[in-house]
Amino acid sequence: MRKLLLLWLAFPIFLAAQTEKTAVTGAAAGKGATPLPTQNSKPKTQNSTRAVVVGISDYQDTHIPDLKYAHRDAEAFAAWLHSPAGGSLPEDNVQLLINEKATLGQFVASLDWLVEKSLEGDQVIIYFSGHGDVDTKLFGQPGFLLLWNTAPESYMN
């Protein structure tokens, strides 16, 4: 799982680097080469906004203390995104993950949804209300967002 997550996190950086290199190489070589169209290169009439909103008050493992209002904060933020003041986002453009629905698997699936649906010029919002922590046992002491089913003894698992 660790290798898959690291690969998943590095994949967008790799793609961006390859796209830039291809465009520069084609133009620099004077061959008139242009990058091949991708699935996301369809014309758009306006920019879109999509959001993944997470709120966890009730954690699965009793070693992670519960919170009182994190899930309500996320619900309120999602409601604001749907309001005129928040941009009147349609229901399909906001994924709300509350408590037991905010698993690692569902969070990764929601991030994949953002990558698949979002095009250049789109706005992406990731809102998280819950616990975060630093793993002092790992080199570099990386920080983690604690999802509903996070194992407190090893965040990387």
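## Aromatic pairs, cores and strands in a predicted model

Two aromatic pairs are found in this structure. In one of them, the ring centres of Phe 77 and Tyr 127 lie 4.4 Å apart with their planes at 10 degrees, so this pair is stacked. The pair ties together distant parts of the chain: Phe 77 belongs to helix α2 (residues 70-82) and Tyr 127 to strand β3 (residues 123-129), with the two positions 50 residues apart. Together with Trp 80, Phe 77 and Tyr 127 make up one aromatic cluster. Tyr 127 has a relative accessibility of 23% and therefore counts as partly exposed, since the buried class ends under 20%. Please keep in mind as you look around that this is a predicted model.

**The overall layout**

Let us step back to the whole chain. The protein has three helices and five strands, and from the N terminus on these elements follow the order α-β-α-β-α-β-β-β. Of the 157 residues in the protein, 31% are buried. What share of the contacts between residues at least 6 apart in sequence joins residues at least 24 apart? That share is 60%.

**Two nonpolar cores**

Nonpolar side chains in soluble globular proteins tend to be buried together. Here, the largest nonpolar core holds 17 residues, and those with the most contacts inside it are Val 52, Val 54, Ile 56, Leu 97, Phe 107 and Leu 146. Which elements give two or more residues to this core? They are β1 (49-55) and α3 (104-117), and α3 gives the most, with four residues. Apart from this core lies another one of nine residues, including Ala 51, Leu 81, Ile 98 and Ile 125.

Leu 97 is a good place to look into the larger assembly, as one of the residues with the most contacts inside the largest core. Beyond its neighbours within four places in sequence, Leu 97 is in contact with Val 52, Val 53, Val 54 and Gly 55, and also with Ala 102, Gln 106, Phe 107 and Ser 110.

**Strand β2 and its surroundings**

Is strand β2 largely enclosed or largely open? Four of the five residues of β2 are buried, so the strand is largely enclosed by the rest of the structure. β2 pairs with β1 in the parallel sense, over five bridges. Within this pairing, Gly 55 has Ile 98 of β2 as its bridge partner. The route from β1 to β2 passes through α2, and this β-α-β crossover is right-handed.

Gln 95 is also part of β2, which covers residues 94-98. Its side chain makes a polar contact of 2.6 Å with the side chain of Ser 110. With neighbours within four places in sequence left aside, the contacts of Gln 95 are Ala 51, Val 52, Val 53, Gln 106, Ser 110 and Trp 113. Among these partners, Val 52 is also one of the residues with the most contacts inside the largest core, while Ala 51 belongs to the other core, of nine residues.

**Positive phi outside glycine**

Two loop residues deserve a look for their backbone angles. Ser 88, in the loop between α2 and β2, has a positive phi of about 55 degrees although it is not a glycine. Asn 99 sits in the loop between β2 and α3, and again phi is positive, at about 45 degrees, in a residue that is not a glycine. How exposed is each of them? Ser 88 is partly exposed, with a relative accessible area of 41%, whereas Asn 99 counts as buried at 11% relative accessibility.

**Towards the C terminus**

Phe 144 is part of strand β5, and Met 156 follows in the segment after β5 (143-145). The C-alpha atoms of these two residues, twelve residues apart along the chain, are 8.6 Å from one another. Phe 144 also has a C-alpha separation of 6.1 Å from Val 134, with their positions ten residues apart in sequence. Phe 144 counts as buried at 19% relative accessibility, and Met 156 is buried too, with a relative accessible area of 16%.

The accessibility values of several residues discussed above are gathered here.

| Residue | Relative accessible area | Class |
|---|---|---|
| Asn 99 | 11% | buried |
| Met 156 | 16% | buried |
| Phe 144 | 19% | buried |
| Tyr 127 | 23% | partly exposed |
| Ser 88 | 41% | partly exposed |

Note on methods
Residues numbered from 1 in each chain as written. Predicted model: local features only at pLDDT ≥ 70, side-chain atom pairs only at ≥ 80, totals over all residues. Heavy atoms only, no water. Polar contact = N/O pair within 3.5 Å; in protein donor to acceptor, adjacent residues only side chain to side chain. Contact = heavy atoms within 4.5 Å. Phe/Tyr/Trp six-rings, centres within 6.5 Å; stacked < 30°, edge-to-face > 60°. Buried < 20%, exposed > 50% of the residue type's maximum accessible area, 1.4 Å probe, protein only. Core = buried A, V, L, I, M, F, W, Y, C linked by side-chain atoms within 4.5 Å. Pairing = 2+ DSSP bridges. Right-handed = clockwise from strand over helix to strand, strands pointing away.
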